[in-house]
Amino acid sequence: WTYAGVRRMLHYLKMYHLSDISKKPPNKDNIILCSSGYWMYTRCGGLLDVYPPVNSFVKKGDLIARVKNIFGNISEEICAPEDGVIVGKSSNPVAFAGDRVIHLGIPHPEGEPLPEAQGE
């Protein structure tokens, strides 16, 4: 399990002792399993405002970010192309053309079997 592996790695790095970490696995109701995901990028540079926090759900068409020029005019609005969950986001307020904005995870449909593990 990933959870147990991370605990052992933290123990090996002497960041935590295994006795300090709860031995119970995380609540499965709070786990979001994504079947795929991808980064979204800016098309132009400027000041970047990313709105949804990490681990929040977005719906198709929701406003995710705005890029403004130095005068405060909106240069680009970035909307969610599909329903998903925010896995990661840019924290740098200065964006260049092609910079990452958010990593959008696509939740795995409930009831569908999980795909077989693929080599990396």
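**Backbone outliers and strand pairing**

Lys14 is exposed, with a relative accessible area of 74%. In this predicted model, Lys14 also has a positive phi of about 60°, although the residue is not a glycine. Its place in the chain is the loop that runs between helix 1 (2–12) and strand 1 (34–41).

A second non-glycine residue with a positive phi is Asn55, for which the angle is about 75°. Asn55 belongs to the loop between strand 2 (46–50) and strand 3 (57–58). Its relative accessibility is 57%, and Asn55 therefore counts as exposed, the cut-off being over 50%.

Strand pairing was examined next. Strand 2 pairs with strand 4 (residues 63–68) in the antiparallel sense, and four bridges connect the two. Within this pairing, Leu47 has Lys68 of strand 4 as its bridge partner. Strand 4 also pairs with strand 5 (residues 74–79), again in the antiparallel sense, over five bridges. Here Arg66 is matched with Glu77, its bridge partner in strand 5. Strand 4 thus takes part in antiparallel pairings with both strand 2 and strand 5. In a regular strand, side chains alternate between the two faces of the sheet.

Strands 4 and 5 form a hairpin with five residues between the strands. Gly72, in this hairpin, takes a positive phi near 90°. Positive phi values are therefore found at Gly72 in the hairpin, at Lys14, which is not a glycine, and at Asn55, which is not a glycine either. Of these residues, Lys14 is exposed at 74% and Asn55 is exposed at 57%.

Technical notes:
Residues numbered from 1 in each chain as written. Predicted model: local features only at pLDDT ≥ 70, side-chain atom pairs only at ≥ 80, totals over all residues. Heavy atoms only, no water. Buried < 20%, exposed > 50% of the residue type's maximum accessible area, 1.4 Å probe, protein only. Pairing = 2+ DSSP bridges.
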